[in-house]
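Please open the structure in your viewer and keep the selection panel at hand. The tour below goes from one selection to the next and says what is to be found at each stop.

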Amino acid sequence: AALNTDVIPVPSRRSATPHTGEVVLQVNDERKSFGTTEVLKGVDLKVHKGEVVAVIGPSGSGKTTMIRTLNAMESIDSGQVLYRGQPVGYKTTSSGEYKTVSDKELARTRERIGMVFQQFNLFPHMTVLENITFAPKYQGKQTSDAMKKNALDQLRKVGMESHKDKYPHQLSGGQQQRVAIARALAVSPDVMLFDEPTSALDPELVDEVLQVMSELAAEGLTMVVVTHEMRFAREVADWVVFMDKGVVVEEGPATQVFDNPKHERTKRFLTRVM
Ligand code: ADP
């Protein structure tokens with residue numbers, strides 16, 4: 001399918017009462033240091049079913065570190081990350097000990113949380129189609145015909161079906177990222193994490209990826225997106241979280257944070273980037 005990259009549609013599903021309902025991910029007083037530098041200084045966050053949460057803020061404010069803790073790709077020193085009430089990565093045992101969850105528990109949770117990276121991270125030695133069927137094959141829940149059909153459905157969704165037999169190096173960055181999105185979707189995740197998905201792309205390739213993400217948002221996929229694309233955050237996100245220096249300074253509906261920011265730091269940042 002041809003992608004219309006001229007315009008990012010405003011999802012019509014935007015709720016009158018955003019940031020309510022079923023909580024999919026929750027972060028409580030999360031702290032994390034690298035060496036002696038504390039980069040997350042007590043972060044709280046909630047992600048509700050069906051909403052798009054955009055995380056914005058200056059470079060070095062802890063956005064990438066934070067999103068990577070949501071599926072325990074990054075460890076935390078204290079606090080909690082919960083997926084549907086279950087601890088992700090770390091839990092406090094009945095004896096009060098703070099420790100990692102079992103590999104089995106972690107694997108089960110990660111199956112439900114898809115991730116898209118800045119650098120695409122496709123398997124270079126596999127075709128597009130093989131990249132997409134890799135995780136479903138590993139899970140072993142579907143017949144190989146069903147897996148292939150599902151993979152082609154996902155590729156169609158991101159406008160990449162005709163490239164199914166190519167290898168990643170034969171694709172542009174924007175095309176690779178769309179395949180990476182299809183790959184993450186192939187296991188039907190409950191929530192998708194996007195860590196600066198367009199920041200490694202040449203400017204002319206950014207919109208084709210944002211377009212795909214806008215369509216997923218309009219379909220009601222629950223998404224957390226760390227992004228520098230303020231237009232995307234403003235037009236597509238239901239809820240915007242502004243981080244600076246390891247804390248959430250301000251959060252609210254996109255219209256409120258962008259049109260009427262409460263904090264001086266938010267205002268200063270928006271003035272600089274808009
Ligand atoms: P952002 O995504 O907002 O740009 P990051 O989460 O990438 O912020 O980084 C927050 C801070 O943590 C930065 O000062 C960065 O240099 C530091 N940092 C990130 N990852 C590491 C790491 N693996 N080791 C040491 N410091 C790190």
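A crossing of two helices counts as left-handed if the near helix is turned anticlockwise from the far one by less than a right angle, and as right-handed if it is turned clockwise. The model shown here is predicted, so local features need pLDDT of at least 70 and side-chain atom pairs count only at pLDDT 80 or more, while totals for chains, interfaces and linings use all residues. Residues are numbered from 1 along each chain as its sequence is written, and side-chain values use heavy atoms, with hydrogens and water left out.

**First stop: three helices**

Select helix α3 (residues 128-139) together with α4, where helices are DSSP runs of H or I with at least four residues, numbered from the N terminus. The crossing of α3 and α4 is right-handed, and the two pack at an angle of about 125° with their axes 9 Å apart. Axes here are lines fitted to C-alpha atoms over the stretch in contact, and angles run from 0 to 180 degrees between N-to-C directions. Angles under 35 degrees count as roughly parallel, over 145 as roughly antiparallel, 65 to 115 as roughly perpendicular and the rest as oblique; α3 and α4 are therefore oblique to each other.

Next, keep helix α4 (residues 144-157) and add helix α5 (residues 173-185), which pack at an angle of about 140° with their axes 9 Å apart. This pair is therefore oblique as well, and α4 passes α5 in a right-handed crossing.

Now show α3 with α5, whose axes are 8 Å apart at an angle of about 25°, which makes α3 roughly parallel to α5. Here too the crossing is right-handed.

**Second stop: the ligand**

Select the ligand and the residues near it, meaning those with a heavy atom within 4 Å of it: F34, V39, P58, S59, G60, S61, G62, K63, T64 and T65. By class, this shell has three nonpolar, six polar and one charged residues, with Gly counted among the polar ones. Which helix gives the most to the shell around the ligand? Helix α1 (residues 63-69) does, with three residues.

Finally, look at the backbone beside the ligand's oxygen atoms. A backbone N or O atom of G60 lies 2.7 Å from an oxygen atom of the ligand, and for S61 the corresponding distance is 3.0 Å. For G62, a backbone N or O atom is likewise 3.0 Å from a ligand oxygen. The protein covers 56% of the 560 Å² of accessible area that the ligand has on its own, as given by the Shrake-Rupley method with a 1.4 Å probe.

Conventions. Polar contact = N/O pair within 3.5 Å; in protein donor to acceptor, adjacent residues only side chain to side chain.
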